[in-house]
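Reader: I would like to go through this model step by step, beginning with one loop and ending with the whole chain. Please keep the answers short.

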Amino acid sequence: MLTKLLKISCTSRQCTFAKPYELIPGPRGPFGMGNLYNYLPGIGSYSWQRLHQAGQDKYDKYGSIVREVIIPGQDIVWLYDPRDIASLLNERDCPQRRSHLALAEYRKKRPDVYKTTGLLPTNGPDWWRLRAQLQKELSAPKSVRNFVAQVDGVTKEFLQFLQDSRQGDTIDMLPKLTRLNLELTCLLTFGARLQSFSPKEQDSDSRSTRLMEAAETTNSCILPTDQGLQLWRYMETPSYRKLSQAQSYMEEVALELLEENINNESEESSLISAYLKNPELDRSDVVGTAADLLLAGIDTTSYASAFLLHHVARNPEVQQRLYEEAKRVLPNPKEQLSMDALRTDITYTRAVLKESLRLNPIAVGVGRILNQDAVFSGYFVPKGTTVVTQNMVACRLEQHFEDPLRFQPDRWLQNRSALNPYLVLPFGHGMRACIARRLAEQNMHILLLRLLRDYELIWSGSEAELDVKTLLINKPDAPVLIELRLREK
């Protein structure tokens, strides 16, 4: 009887008695046929676009570990306990993930353009070969700080764009922020300016607008094509068709900008220029990287920035302290923001961003495919299982944070050592953490300092809390309406 209730999971260091995988609580669907029906519009109680709500419901019903059968043979184990999250994400043997499957298929069909499926979908040694070379330009703090002057210059142009494009007192910030991050992504990646703020580029058929739409279309198609029956493997489904068309356009622009970079020998420092000089990377590697950076760099930072400005606008006392810090860092707003100031003098700005990412992370959690058998919350989980952390839900639980739904940046300044470091992981953790994390954080710090130095932010949107739409990454589910009130000189 004991052997039926306990499973033995052995490693070189220990042999751990664990409850069997089959006993992990969670939804199996009618007759064990899977819970996919529960995500179907008009039928189920869940939605791919509200994964945080589904995650909270499963936690309330089943506890800190959940095994969900999507279809027979396709399980997801959800983790809510930070100890389990730490165990999962500290794996160091080429961590694998199951994501961007249709994007990988699209690229496999184009061997003339891509050598691999890119940094996002690729696993194993191919992934590490790319990651080891690409992270050299993005992981070192000193390398990232070299982009401060370029980012600061574009951000100042962005403030003028906001001023010029105001129609009335209120601005929907998200479309504007998307233009900013498209401009920054192209500048830092290719050394190229798209002039996204110009009247011409704001037309619906302009290159900037079409790139923004293509990035969002691709991201919105990832979850529907990753989960469930994956019929796109056998026929061209609507989701796969939309993803392919969006990627075709992004690929076309990436190739154009790459050629411009090569032909013009841009004097601006850029990531692509550095990668082209790397003997360990060939042209196909660089093309795939360029496409990945375009896809990953636009919406992720735009959505995160929109939530950040929403929280600041709704908390005047936080905003005042940010303004005081911005004045110390930028006593004369016409001068350039210094690299040294960003490194040492923006303690409160960092805390504000951290708190925003606690409440509204870039995604609901982080996914992995187990490279080896593991034990989570006392349950055996076999090698090859898809495991996803539920950081967004965990960050809103009272057992982890006092008054968890309150926006309180001081929690990161007063008692930070008491907070579990595996809860707020908006950029992931470990070997597969977001390769551009430092750059994204730096861009948002600069935006916040510049914006607060010149403007007071007044929330003009709904009184209800801004919620999330999960398009792989978390997007505000309503307009981010903010009045910008110019500060007195």
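**Loops, cores and selected residues**

Author: This is a predicted model. Cys-94 sits in the loop that runs between helix H3 (82–89) and helix H4 (101–108).

Reader: What is the phi of Cys-94?

Author: Most residues other than glycine have a negative phi. Cys-94 is not a glycine, yet its phi is positive, at about 45°.

Reader: Which loop holds Gln-230, and is Gln-230 buried or exposed?

Author: Gln-230 lies between helix H9 (207–226) and helix H10 (238–264). Its phi is also positive, near 55°, in a residue other than glycine. Buried means under 20% relative accessible area. Gln-230 has 12% relative accessibility, so it counts as buried.

Reader: How does Glu-252 in helix H10 count by its relative accessible area?

Author: Helix H10 contains Glu-252. The class between buried and exposed runs from 20% to 50% relative accessible area. The value for Glu-252 is 41%, so this residue is partly exposed.

Reader: What distance separates the C-alpha atoms of Glu-252 and Ala-291?

Author: Along the chain, Glu-252 and Ala-291 are 39 residues apart. In space, their C-alpha atoms are separated by 9.2 Å.

Reader: Where does Asp-292 lie, and which residues is it in contact with beyond its neighbours within four places in sequence?

Author: Asp-292 belongs to helix H12. With 7% relative accessibility, it counts as buried. Leaving aside neighbours within four places in sequence, its contacts are Arg-107, Gly-118, Leu-119 and Leu-120.

Reader: How far apart in space are Asp-292 and Asp-203?

Author: The two residues are 89 residues apart in sequence. From C-alpha to C-alpha, the distance between Asp-292 and Asp-203 is 25 Å.

Reader: Which helix gives the largest share of the largest nonpolar core?

Author: The largest nonpolar core has 130 residues, and those with the most contacts inside it are Phe-158, Tyr-275, Val-352, Leu-451, Leu-457 and Ile-482. Its largest share is 16 residues, and these come from helix H12 (residues 283–313).

Reader: Which residues does Val-352 touch, not counting those up to four places away in sequence?

Author: Val-352 is among the residues with the most contacts inside the largest nonpolar core. Not counting residues up to four places away in sequence, Val-352 touches Leu-308, Val-312, Val-318, Leu-322, Phe-407, Pro-409 and Leu-448.

Reader: How many residues are in the second, separate core?

Author: This second core is separate, and its members include Tyr-21, Ile-24, Leu-89 and Tyr-379. Its size is 20 residues.

Reader: Is Ile-65 buried or exposed, and which residues does it touch?

Author: Ile-65 lies in strand E3 (residues 65–71). Its relative accessible area is 4%, so Ile-65 is buried. Not counting residues up to four places away in sequence, it touches Ile-24, Pro-25, Val-77, Trp-78, Leu-79, Tyr-80, Phe-376, Ser-377 and Tyr-379.

Reader: What distance separates the C-alpha atoms of Ile-65 and Leu-194?

Author: Ile-65 and Leu-194 are 129 residues apart along the chain. Their C-alpha atoms are separated by 46 Å.

Reader: Is Gln-414 in helix H17 buried or exposed?

Author: Helix H17 spans residues 411–414 and includes Gln-414. From Leu-271, Gln-414 is 143 residues away in sequence and 37 Å away in space, C-alpha to C-alpha. Exposed means over 50% relative accessible area. Gln-414 has 62% relative accessibility, so it counts as exposed.

Reader: Why does the radius of gyration of the protein chain agree with a compact globule?

Author: The C-alpha atoms fill a box of roughly 80 × 55 × 50 Å along the principal axes. For 489 residues, a compact globule would have a radius of gyration near 23 Å. The chain agrees with this because its own value is 23 Å.

Reader: What percentage of the contacts with a separation of 6 or more joins residues 24 or more positions apart?

Author: The protein chain has 18 helices and 13 strands. Buried residues make up 57% of its 489 residues. Among contacts with a separation of 6 or more, the share between residues 24 or more positions apart is 72%.

Reader: How far apart are the centres of the positive and negative side chains?

Author: The protein chain carries 61 positive and 60 negative side chains. The centres of the two sets are separated by 4 Å.

Notes:
Residues are numbered from 1 along each chain as its sequence is written. This is a predicted model: local features need pLDDT of at least 70, side-chain atom pairs count only at pLDDT 80 or more; totals for chains, interfaces and linings use all residues. Side-chain values use heavy atoms; hydrogens and water are left out. Helices (H or I, at least four residues) and strands (E, at least two) are DSSP runs, numbered from the N terminus. The radius of gyration is taken over C-alpha atoms; the globule rule is 2.2 Å times the number of residues to the power 0.38. Buried means under 20% relative accessible area, exposed over 50%, partly exposed in between (1.4 Å probe, protein chains only). Contact means heavy atoms within 4.5 Å. Lys and Arg count as positive and Asp and Glu as negative; His and the chain ends are not counted. The place of a charge is taken as NZ of Lys, CZ of Arg, CG of Asp or CD of Glu. A nonpolar core is a set of buried Ala, Val, Leu, Ile, Met, Phe, Trp, Tyr and Cys residues joined through side-chain atoms within 4.5 Å.
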